[in-house]
Amino acid sequence: MDTPLLNTVFMQLPHTPPDYAELHALSSFSFQRGASQPEELVQRAAALGYHALAITDECSVAGVVRAQVAARSSGLKLLLGAEFSVVLDADRSFTVVVLAHNLQGWGNLCQFITVARRAAPKGQYQVAWRGAQNQALWASLMHCEVLLAFSDAINIEAVYTVATGARGLFGSNLWLAAASHLGMDAPLQRARQLQLARCTGLPLVATGSSE
């Protein structure tokens with residue numbers, strides 16, 4: 001195989017990266033999880049040519065002002081949202097990422113965070129999935145995009161049940177988050193994500209990992 005020829009062909013290929021929007025990024029405002037300041041995330045995303053960036057700290061929107069200032073300077077589209085660890089039962093939980101569509105969605109998200117914080121001791125929050133009261137709280141997230149992320153500890157039957165209920169609440173604004181850890185088990189992880197998408201009927205969307 002002619003390596004110099006391959007190198008020549010490669011050099012002639014366009015190097016413009018495909019459009020990519022990071023929909024799940026944690027800043028230092030997610031204590032003990034995120035490391036970078038919100039403005040640093042925005043600057044890095046702009047440097048990498050991202051189409052957009054979502055700052056989705058855990059039950060918090062504390063870093064969005066600093067992120068917005070940086071986004072205006074860099075020309076990057078900033079998406080506003082938050083991440084929540086949701087209790088399914090005594091032993092299991094899953095992750096929900098909420099992104100606001102507009103000003104009304106932003107207000108609904110902020111109110112959701114307030115209720116979740118008030119339900120727990122100071123510095124913590126509490127969000128559960130099951131129960132009529134919890135379902136009413138989730139239903140308040142109108143004008144928002146909702147992404148579901150499930151760990152391997154949750155079986156397909158439970159994922160299907162959650163997805164069915166969530167589709168009734170959020171309709172076409174519901175997605176299944178697909179993140180890759182690029183480890184040895186990446187092919188198995190990808191196969192599970194495709195299996196969950198087929199089982200639930202939810203479209204997959206690529207996100208970063210919060211782990």
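**Exercise 1. Find what covers the buried residues of helix 3 (residues 64-74) in this predicted model, and work out which side of the helix they sit on**.

Solution, step by step:

- Start with the cover: it includes helix 2, strand 2, strand 3 and helix 4 (103-118).
- Now pick out what is being covered. With buried meaning under 20% relative accessible area, helix 3 gives you Val 64, Ala 67, Ala 70 and Ala 71.
- Check how they spread around the axis: these four span an arc of only 125°, so they share the same side of helix 3.
- Flip to the other side of helix 3, and you meet Val 65, Val 69, Arg 72 and Ser 73, which are exposed.
- Finally, look just past the end. Helix 3 is followed by Gly 75, and its phi is positive, near 80°.

**Exercise 2. Place strand 2 (residues 52-55) between its pairing partners, and say which way its side chains point**.

Solution, step by step:

- Take strand 1 (residues 21-25) to begin with: its pairing with strand 2 is parallel, over 3 bridges. Within that pairing, Ala 25 has Ile 55 as its bridge partner.
- Next comes strand 3 (residues 77-87), which also pairs with strand 2 in the parallel sense, here over 4 bridges. Look for Ala 52 opposite Lys 77.
- Trace the connection from strand 1 to strand 2: together with helix 2 (residues 38-47), they form a β-α-β unit, and a right-handed one.
- Sort the side chains of strand 2. Ala 52 and Ala 54 go one way, Leu 53 and Ile 55 go the other, and all of them are buried.

**Exercise 3. Map the largest nonpolar core: which residues touch the most other members, and which elements feed it?**

Solution, step by step:

- Go for the best-connected members. This core has 34 residues, and Phe 84, Phe 94, Trp 138 and Leu 148 are the ones touching the most others.
- List the elements that supply two or more residues: strand 3, strand 4 (93-100), helix 4, helix 5 (132-139), strand 5 (144-149), helix 6 (156-170), strand 6 (174-178) and helix 7 (186-200).
- Helix 6 makes the largest contribution, with 6 residues.
- Zoom in on Phe 84. Leaving aside residues up to four places away in sequence, its contacts include Cys 59, Phe 94, Val 96, Leu 109, Phe 112, Tyr 125 and Val 127.
- Don't stop there: apart from this core lies another one, of 11 residues, including Ala 25, Leu 41, Ala 45 and Leu 78.

Notes:
Residues numbered from 1 in each chain as written. Predicted model: local features only at pLDDT ≥ 70, side-chain atom pairs only at ≥ 80, totals over all residues. Heavy atoms only, no water. Buried < 20%, exposed > 50% of the residue type's maximum accessible area, 1.4 Å probe, protein only. Pairing = 2+ DSSP bridges. Right-handed = clockwise from strand over helix to strand, strands pointing away. Arc of directions from axis to C-beta. Contact = heavy atoms within 4.5 Å. Core = buried A, V, L, I, M, F, W, Y, C linked by side-chain atoms within 4.5 Å.
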